[in-house]
Amino acid sequence: MKRRDFLIKGSILTTGSALVSSLPNYAADIIKPGEAPGSNNLYRIFQNPATSFRPFVRWWWNGDKVEKAELSRELRLLKEAGIGGVEINPIKFPARTDDLGKPSLRWLSDEWMDALQHAFAEAKSLGLTCDLIVGSGWPFGAEYLEGEERAQIILIGTKKLEGAMDYEASVFDLLKEADPAVSSPYARRKIDILSVKLVPDPLNNLDEAKDLSEQVKTGYITATIPKGKYVLYTLVKIHGFLEVINGAPGANGPVLNHYNKAAVTKYLNHMSDGIQKKTGPLSKHIRALFTDSMELEGANWTADMEAEFKKRRGYDLMPYLPFTQFKVGSMGNVFDYSYGAALGDEMKNTIQRVRYDFELTKTELLQERFIDTFTKWCKDNDVKSRAQAYGRGYFPLEGSFDMDIPECETWIKAGIGKEMSEADPRVGRGYTMINKYVSSAAHLKGKKLISCEELTNTDVVFNETMELMKITGDLSTISGVTHPVFHGFNYSPPEAPFPGWIRYGCYFNERNTIWPYFKHFNDYKARISALLQQADMFADIAVLPPVADMWSIYGAQNEPFPSFAYPNHLPLVWEAMHQNGNACDYISETVIRDGEMKNGHLNYGPRKYHTIFLVQVESMEPATAQKLLSFVENGGRIFCVDAYPDKSLGLTNYQQRDKEVKAAVEKMKALPDRFILLNKPENEFIQWYKDVQTKYNITPYVSISKPDKFVTQVRYQAKGTEILHFINSSMDDAHKIEITPSNEIVKGKQAWRWDAENGERYKLENSNPISLDLGPADSVLIVFDNNKKGNNYKPKPATLNNASAFANSWAVEFQHINGSNKKTEMNVLKDLKELPDFVSFSGTAIYRASLHVADKSNVDCLNLGKVHGISELIVNGKSLGIQWYGRRIYRLKDAIQNGNNTIEIKVITSMGNYMKSLKDNPVAQYWTNEKRKDQPIQSMGLIGPVTLA
C-alpha cells in the first residue's frame, strides 16, 4: 500500500461511522424514499429550507492573512445573514490596501492548515458547509513546479514583407513579435523557436513554404525575397509561460500543465496529502473540492502533443501548425484573425480542418488528463467534485458531465434590468453563454444540483442593490441554475480601514448599508433552490450549437467570455423558446451519436426531445448525420437555422466523409415536413419563434398572451407536481400577461402561488387561464399539485384606484454611514442625485409626514411609487415590513387609525455615490472612479409619487 493511501485509509478506519455524521446534513430535508414530492413534503422543504439549500459564498482569504478569532467571527456573521456555506478561497492580498501588518500564512504550511482546521471546526459547529478550492488564484499552480509540470504554449509571430529585397532579422526580434501579452507572464519562462518559414501571400499549398529554420542557431534569419508579397512565420514554444493570477503566498508561481497527467496527479495529491496529515480525511470537513474556470490563457502544448495528434488523427501536425494559429494576447484571446498570410480556398479548407483536429486533440487530452484525474481524485478522497468545467479547451457540454456539482457563472453588471439587446446578447443578461451548456449537461446526466458562481461583480461594486441582485439571480435561475455561490465575501477584520479588504465581488460586508437586510434576499434564494433541487427542469426541444464549426474557423474560444459569439444569435434562439412557453437543452454531436432514436424522440439518459434545432451547423461527423437521419425517419423533426450541414470534420479522408454527410442530409431533405430550413431574422427573435411555433405546430406547454423580452419562464417537474417559474427582469416596467398551461400540467391538479419571500402559499381560483401581473423585478412560482386545502390568493393592487396624493411636505432625516446626521424639508420628492447637498449620501433617509384619516375603513393601501433603495414603512410606530424590489405597495392593515397618523418611510440607499466622493480613499476610488470602473452617479431615495387609496 502506498504511503498516501495508508494515510487516508488509516484515518478513515479510525474515524469509522463518525465520518458520515460529522458533516452538515446536506440531505436532511430532501424527499425521502416513499414520500411523494407533490405532497406537503415538498412544501415543507420550500417553506423552511435546510442550510444546504441556502446560498453559499466564495470566502476570499485575502493574502492568507487570517486569524482564528476573525475566521470564527466571519462565519457567525454569515450564518446570521442566512448564508449556508463557504467556499474557502485563498487569494493574493489586494493592492491599494492596508494589511495592518498582519502576516501571511503560507499555503499548505502548518500554520495555514491549523487555520483551515479551525475554520472547518467552526463551520461544523454552526451547521455550515465548506468547500475548498484547489490551489489558489487561477489557473492554479505552485512555486515548486518544474520542467514539464509547467504550462506550455505554441504560438506564432509573423513579419509581412514585400519584395524584391534582401531581408535580415535577428532571432531576438522574431521572439519579441511572438511573445504573447498574457495577463500574468512567468518571469522564468523559456522560449524556443521551433520553425521559421517564408511563404507567399496568399498561400495556396504547403509546397510553397521555404523552411529557414536551420538559420536560427546563427541568431539571424536572412532571405532573398522575390518580387511580390510574402510572410515570415516564426513558430515558437514558450515553456512555463504563465504565472498564477492572484495566487496566495505558496500557491503562486508557474501555472500547472493541465495536459500532463503525471503533473496533475502529483499536484492534486500534494495538496490533499498535505492537508490530511493535519486534519484527517477531508471528507470529515468539506462537501467538495472546487476547480475554477480554466482560464489557461491559450496553453495548448505538452511534451507528447505532437505524438498524440499523429496517433489520434493519423497525420503529422507540424507542417500545418503555424498556419492554424492566430495572433493572441491577454487570456489567450485572438485579437487579429487576419494575422499572417491570406489562404487560397483549398488551403483555407485544409487549415480549418487541421485546426479542428488540433482543438479536438487538445480537448481530448484535457478531458483524459485533467478532468478525469480531478474527478477520480475527488472520489478517492470521498468528496464531491465541483468545477467550472469550461475555459478554452474543454468540450463545453461534456466537460460538465462527470462533475458531481457542475458549475457556471452569472455576473451582476450595468444594463441588467434596463435592456435586453439583440444586437449584443450579452447586454442585459446576468447569465453568461456557458450557463445553458452547464445546466443542459446536468439535465442530460440527471443531476439536480446545478451550482453557479453568482453575482460576480467587477463593474458595479458598491452599487449592487438588492433589487439588482434579485433580477440577476432570477436570470440565473432561468438559465438552469439551482444553487448560487455568491461572489463573494472578503476576509476583512473590522479594524481594517474603511471599506476593508476587497479583492473582488459584491460588497458583502457588515459595513454595507444593505447588510442588515441581506437575509431577505438569502431567504428568497434558499426557497427557490430548495424547491428546484427536488425537481427536474422540463425540456423537450434540443439545440445543437455549431461548436465544431467555430473550432474549425476561429479556434476554441475562452468561455464564458469568448472573443465573439458564434453565431451571435445563438442565445437568442433558446431565449425565444422560453419566452414563448417552450424549453430546451443544448446537446452535442456526442449526445446525438450516443442517444437512442425511438418513437420520434432523441432519448439520452433521462431526457427525450421531439425536435432538434441545428443553429448554423455546417459541419458534422458522418456518424452524427446518420443518427439524425434515423431520428427523422423515426418521426422526429429537425429545424436547420440558416444552413444545412454539408461537410465533415477533420482532414483525414475528408472527401469521402463529406460525401457521407451530404448523402444523409439529402435523404433527410426528402422528408420536408420533418427536415426544415429556417432563415434567422435580423431581429425580433421572439416573434420569429412564435411564427415557427404556429406554422409548424410546436405546442408550448404554457401559452403566454404577450411574449416579451423581459418576461421568461422555466418548468420543473416532481412526481405529481408541476412548477412554473416566471420572472420579469425589467427594473422599470410591469407586464400583465395571461398564461394557459397545457392540460398535462393542470389536469386533476390545483394551482397554487408559492411565495419565495415568506414561504407562504395561496390557492388560485383558476388553474387555466391564469392572469399574472408581474411588477418590475417581479417573479412568481405557480405550483400545480393534488393539495386542495389552503387560503385563497388575494393580490395586492398593482395600482391604486381613486388614489390621492399623500403629502405636500416631508421632513427628511439623513443618517449617513459616516456618522453624520442632517435634516431638511422637501415640498417635492426628488432623486437625491439631483440634490447637491445629498448626491454623495449613503445610509438611511427617513421621510416623515402626518396623515389625517376621517374614516379608516376607506383606506387600504399606501403606494410609495418609485423607490431607489430598500424601503420600510412605519405607521404610528408599527413597522409594516421591508420591501426591497419592484412595487412598494403596503397594506395599511390595522396600523392606520382615525384622526392623525404618523408616517415614517425609511429608505436605505446604495454606497456608490459616497465612495466616488472619497477622493483620498484609494480602494473607493479604484472601484468607482478609475478607468473602466468609473461608475455614473446613481439614483437614490424616495421618488414617489406617494399615493393613498
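A cavity here is a set of grid points where a 1.4 Å probe fits but cannot get out, and its lining residues are those with an atom within 4 Å of such a point. Keep that in mind for a walk through this predicted model, starting from the enclosed spaces.

Searching the whole structure turns up four cavities of 30 Å³ or more. The largest cavity holds about 250 Å³. Its lining is made of 22 residues, and those nearest the centre are Gln325, Val328, Glu359, Lys362 and Arg392. Sorted by class, that lining comes to 11 nonpolar, seven polar and four charged residues. Two elements, β4 and α10, each put at least two residues into the wall of the largest cavity, and α10 gives the largest share, with four.

Next comes the second largest cavity, with about 60 Å³ of space. Around this space sit Met420, Tyr431, Leu475, Ile478, Trp574, Glu575, His578, Gln579, Lys709 and Thr712. Here the elements contributing two or more lining residues are α12 (466-478) and α15 (570-579). Helix α15 supplies the largest share, four residues. The class split for the second largest cavity is five nonpolar, three polar and two charged.

Now for an open space. The second largest pocket has a volume of about 1600 Å³. It is lined by 49 residues, and Arg753, Asp755, Tyr793, Pro795 and Lys796 are the closest to its centre. Plenty of elements feed into this lining: among those that supply at least two residues each are helix α13 (518-532) and the strands β28 (750-754), β31 (779-785) and β39 (878-883). By class, the lining of this pocket has 23 nonpolar, 12 polar and 14 charged residues.

From the gaps, turn to the packing. In soluble globular proteins, nonpolar side chains tend to be buried together. The largest nonpolar core in this model has 250 residues, and the members that touch the most others are Trp59, Ile88, Leu289, Phe613, Ile638 and Phe726. Helix α10 (residues 345-380) makes the largest contribution to this core, 13 residues; α10 is also the helix with the largest share of the lining of the largest cavity. For a look at one of those core residues, take Ile638: leaving aside residues up to four places away in sequence, its contacts are Ile612, Leu614, Leu628, Phe631, Val632, Met668, Arg674, Phe675 and Ile676.

There is also a second, separate core, this one of 33 residues, with Tyr847, Val859, Leu880 and Val946 among its members. Leu829 is a handy way into that neighbourhood, since its contacts beyond four places in sequence are Trp810, Tyr847, Leu942, Ile943, Gly944 and Val946. Leu829 belongs to the loop between β34 (821-826) and β35 (843-853). Is this loop residue buried or exposed? Its relative accessible area is 17%, so Leu829 counts as buried, the cut-off being under 20%. Between Leu829 and Ser809 there are 8.7 Å from C-alpha to C-alpha, with the two residues 20 apart in sequence.

Helix α6 (residues 171-178) shows a two-sided arrangement on a small scale. Its buried residues are Val171, Leu174 and Ala178. They span an arc of only 60 degrees around the axis, which means they share one side of α6. The spacing fits a general rule: an α-helix has 3.6 residues a turn, so residues three or four places apart point the same way. Phe172 and Lys176 are exposed on the face turned away from the buried side. The cover over the buried residues of α6 includes β4 (152-170), β5 (190-200), β7 (220-239) and β9 (327-328).

Finally, some backbone details in the loops. Asp201 and Pro202 are joined by a cis peptide bond, with omega at about 15 degrees, and Pro202 is in the loop between β5 and β6 (210-211). Another cis bond links Phe498 to Pro499, with omega at about 5 degrees; Pro499 is in the loop between β14 (483-490) and α13. Glu297 has a positive phi, near 55 degrees, though it is not a glycine, and Glu684 likewise has phi near 55 degrees. Glu297 lies between β8 (288-291) and α8 (305-313) and is buried at 1% relative accessibility. Glu684 lies between β23 (675-678) and α19 (685-696) and is exposed at 53%.

Definitions and conventions: Residues are numbered from 1 along each chain as its sequence is written. This is a predicted model: local features need pLDDT of at least 70, side-chain atom pairs count only at pLDDT 80 or more; totals for chains, interfaces and linings use all residues. Side-chain values use heavy atoms; hydrogens and water are left out. Buried means under 20% relative accessible area, exposed over 50%, partly exposed in between (1.4 Å probe, protein chains only). The arc is that of the directions from the helix axis to the C-beta atoms. Contact means heavy atoms within 4.5 Å. On a 1 Å grid over the protein atoms alone, a cavity is a set of points where a 1.4 Å probe fits but cannot get out, and a pocket is an open set with protein on both sides within 12 Å along at least five of seven lines; lining residues have an atom within 4 Å of a point. Grid points are joined across faces, edges and corners, and a volume is the space filled by probe spheres set on the points. Ala, Val, Leu, Ile, Met, Phe, Trp, Tyr, Cys and Pro count as nonpolar, Asp, Glu, Lys and Arg as charged, and the others, Gly among them, as polar. A nonpolar core is a set of buried Ala, Val, Leu, Ile, Met, Phe, Trp, Tyr and Cys residues joined through side-chain atoms within 4.5 Å.
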